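Please look over the sequence and the three-dimensional structure shown here before reading on. The paragraphs after them are meant to be read with both in view.

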Amino acid sequence: VATAARASGFKEEKREKNLCVALDYHKTYSADPKFWDTFIYMCWMRKWDVYCVSHSMDDGEKQDIRDSIGKVIGMDKVIETDGKAKLPYVPYYS
């Protein structure tokens, strides 16, 4: 993705502050992981931060997250709220 973007003339813009993207896991990332992986790599090209914020409480669901998006963005970027509202957990927002 990065090579194709640069070949097509992509130029990184300077920003005062990097953007932060927070993805939900269920019915967002899990609905089309290949699409979201490409999206994540494009965000990284622009030096944006990408997090996964999930309300998951079930151990099986948490393992699914760790085995998929957790391996892409790193577990330090996965936020599990254990059933609580997500917004207060989102970096750069609170």
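The text below goes through the strands, the cysteines, the salt bridges and the aromatic rings in turn.

This is a predicted model, in which local features need pLDDT of at least 70 and side-chain atom pairs count only at pLDDT 80 or more, while totals for chains, interfaces and linings use all residues. Residues are numbered from 1 along each chain as its sequence is written, and side-chain values use heavy atoms, with hydrogens and water left out.

A convenient place to begin is strand 2, which spans residues 49–54 and has 6 of its 6 residues buried. Here buried means under 20% relative accessible area, exposed means over 50%, and partly exposed lies in between, with a 1.4 Å probe and protein chains only; helices (H or I, at least four residues) and strands (E, at least two) are DSSP runs numbered from the N terminus. In a regular strand the side chains alternate between the two faces of the sheet. In strand 2, Asp49, Tyr51 and Val53 point one way, whereas Val50, Cys52 and Ser54 point the other way, and all of them are buried.

Strand 2 has pairing partners in strand 1 and in strand 3, where two strands pair if DSSP finds at least two bridges between them. Strand 1, residues 20–23, runs parallel to strand 2 over 4 bridges, and within this pairing leucine 23 has cysteine 52 of strand 2 as its bridge partner. Between these two strands the chain passes through helix 2, residues 33–45, in a β-α-β crossover that is right-handed, a term used when, with the strands pointing away from the viewer, the path from the first strand over the helix to the second runs clockwise. Strand 3, residues 78–80, also pairs with strand 2 in the parallel sense, over 3 bridges, and isoleucine 79 in strand 3 is the bridge partner of valine 53.

The cysteines come next. A disulfide is a covalent bond between the sulfur atoms of two cysteines; the criterion applied is a pair of cysteine sulfur atoms within 2.5 Å. The structure holds 0 disulfides. Why does cysteine 20 form no bond with the closest cysteine sulfur? The sulfur of cysteine 20 is 9.7 Å from that of cysteine 43, the closest cysteine sulfur, and this is too far for a bond. Cysteine 43, for its part, is in no disulfide, and its nearest cysteine sulfur is that of cysteine 20. Cysteine 20 counts as partly exposed because its relative accessibility is 26%, whereas cysteine 43, at 2%, counts as buried.

Side chains of opposite charge can pair when their charged atoms come close. With a salt bridge taken as a side-chain nitrogen of Lys or Arg within 4 Å of a carboxyl oxygen of Asp or Glu, a search of the whole structure finds 3 of them. In one, lysine 86 meets aspartate 24 at 2.8 Å, N to O; this pair links distant parts of the chain, since lysine 86 lies in the segment after strand 3 and aspartate 24 in the loop between strand 1 and helix 2, 62 residues apart. Lysine 86 has a relative accessibility of 26% and therefore counts as partly exposed.

Another salt bridge joins aspartate 82 and lysine 62 at 2.5 Å, N to O. Aspartate 82 lies in the segment after strand 3 and lysine 62 in helix 3, residues 59–67, so the pair ties together parts that are 20 residues apart in sequence. Aspartate 82 is partly exposed at 41% relative accessibility, while lysine 62 is buried at 11%. There is also a salt bridge between arginine 66 and glutamate 80, at 3.5 Å, N to O, which links helix 3, where arginine 66 lies, to strand 3, where glutamate 80 lies, 14 residues apart. Arginine 66 is partly exposed, with a relative accessible area of 31%, and glutamate 80 is partly exposed at 22%.

Finally, there are the aromatic rings: those of Phe, Tyr and Trp (its six-membered ring) pair if their centres lie within 6.5 Å, and planes under 30 degrees apart count as stacked, over 60 as edge-to-face and the rest as tilted. By this rule there are 4 aromatic pairs. Among them, phenylalanine 35 and tryptophan 36 are edge-to-face, at 4.9 Å centre to centre and 85 degrees between the planes. Tryptophan 36 and phenylalanine 39 are edge-to-face, at 5.2 Å and 80 degrees; being 3 residues apart in helix 2, they are separated by about one helical turn. Ring pairs thus link Phe35, Trp36 and Phe39 into a cluster, in which tryptophan 36 is buried at 18% relative accessibility, phenylalanine 35 is partly exposed at 46%, and phenylalanine 39 is partly exposed at 26%.
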